[in-house]
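I opened a fresh page for a structure I had not looked at before. These are my notes, in the order I made them.

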Amino acid sequence: MKKLKDFLYNWNDIVVILCILIGAVAIIYWRMNMIMDYPKAMALQARESVANNATDENILTPGSSSSTSDEPVPGSGPKNGKLWSGGMLREEITVTTASGSAADAAQSLVDAGLFTSYEDFEAICNAYGFDPTDIKASEFTFLPGTTQAQIVEEVTKPMS
């Protein structure tokens, strides 16, 4: 009995410390996803607040210039036509982005008439703080009233 008491007395502090340490590691591991997603969540929240405070003119033409040339400037916003009206889609459109490089995936959007070129797509991405290389290979459906900024956000956001 004395040996058992001596053993517990000698090792009691170490066992308590190990229990606390294991508990702390378990809690940190359990919440690691939340810790790692915090910067992304804050960036998304900042983008949404900027988008909510921006005027329609800023949303539709972030890189527009005062030139009156017929050649679209990358990031200048879409021209009015069959697909676009006032910088917003006129009709629902479904696009399947190709896998491979970001340029290949963006070419699917260009072919659908959503952007004039990869440079235009890249300019819109940069204007709104998105990484153009984050474009996902998937099928996307865009509803009437969608802007180019919303298209860029949709095709570059992480898949859930």
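The entries below go from the whole chain down to single residues.

**Entry 1: the model and the chain**

I noted before anything else that this is a predicted model. Next I looked up the elements. The chain has six helices and four strands. I read their order from the N terminus as α-α-α-β-β-β-α-α-β-α.

I then asked how many of the 160 residues count as buried. The figure I found is 24%. I also looked up the accessible surface, which comes to about 11100 Å². Carbon and sulfur atoms hold 58% of that surface.

For contacts, I took those with a separation of 6 or more. Residues 24 or more positions apart account for 56% of them.

**Entry 2: the N-terminal helix**

I turned to helix H1, which covers residues 2-30. Which residues make the nonpolar surface patch? I listed Met-1, Leu-4, Phe-7, Leu-8, Trp-11, Ile-14, Val-15, Leu-18, Leu-21, Ile-22 and Val-25. The patch measures about 1200 Å².

I picked Leu-8 from that list, and it lies in H1. Is Leu-8 buried or exposed? Its relative accessibility is 51%, so I wrote it down as exposed. The cut-off for exposed is over 50%.

I also checked the charged side chains of this helix. Asp-6 and Lys-2 meet in a salt bridge, at 3.9 Å from N to O. They are four residues apart in H1, so about one helical turn separates them. Asp-6 is partly exposed at 36% relative accessibility. Lys-2 is exposed, with 61%.

Then I looked at Arg-31. Its charged end sits over the ring of Trp-30, 5.2 Å from the ring centre.

**Entry 3: the other salt bridge**

How many salt bridges are there? I counted two. Besides Asp-6 and Lys-2, I found Lys-157 with Glu-154. Here the N to O distance is 3.4 Å. Lys-157 is partly exposed, with a relative accessible area of 39%. Glu-154 is also partly exposed, at 32%.

**Entry 4: aromatic rings**

I looked up the aromatic pairs next, and the count is four. One of them joins Phe-115 and Phe-121. Their centres are 5.3 Å apart and their planes make 85°, which is edge-to-face. Phe-115 is buried, at 4% relative accessibility. Phe-121 is buried too, at 0%.

Another pair is Tyr-118 with Phe-121. This one is tilted, with 6.1 Å between centres and 40° between planes. Both residues lie in helix H5, residues 118-127. They are three residues apart, about one turn of the helix. Tyr-118 has a relative accessible area of 19% and counts as buried. Buried means under 20%, so 19% falls inside the cut-off.

I then put the three together. Phe-115, Tyr-118 and Phe-121 form one aromatic cluster.

**Entry 5: helix H4 and its cover**

I moved to helix H4, residues 102-111. Which of its residues are buried? I wrote down Ala-102, Ala-105, Ala-106, Ser-108, Leu-109 and Val-110.

What covers them? The cover includes strand S3 (93-96), H5, strand S4 (139-142) and helix H6 (148-156). H5 came up earlier as the helix that holds Tyr-118 and Phe-121.

I also checked the stretch just after H4. There Gly-113 takes a positive phi of about 90°.

**Entry 6: Thr-97**

My last stop was Thr-97. Where is it? I found it in the loop between S3 and H4. At 4% relative accessible area, Thr-97 is buried.

I looked up what it touches, leaving out residues up to four places away in sequence. The list is Ala-105, Ser-108, Leu-109, Ile-135, Lys-136, Ala-137, Ser-138 and Phe-140. Ala-105, Ser-108 and Leu-109 are among the buried residues of H4.

I checked Ser-108 against Thr-97 once more. The two are eleven residues apart along the chain, and 5.2 Å separates their C-alpha atoms.

Terms used: Residues numbered from 1 in each chain as written. Predicted model: local features only at pLDDT ≥ 70, side-chain atom pairs only at ≥ 80, totals over all residues. Heavy atoms only, no water. Helix = DSSP H or I, 4+ residues; strand = E, 2+ residues; numbered from the N terminus. Buried < 20%, exposed > 50% of the residue type's maximum accessible area, 1.4 Å probe, protein only. Contact = heavy atoms within 4.5 Å. Areas by Shrake-Rupley, 256 points an atom, 1.4 Å probe, with all protein chains shown as cover. Patch = residues over 30% accessible without salt bridge, like charges linked within 9 Å, V, L, I, M, F, W, Y side chains within 5 Å. Salt bridge = Lys/Arg side-chain N within 4 Å of Asp/Glu carboxyl O. Phe/Tyr/Trp six-rings, centres within 6.5 Å; stacked < 30°, edge-to-face > 60°. Lys NZ or Arg CZ within 6 Å of the ring centre and 35° of its normal.
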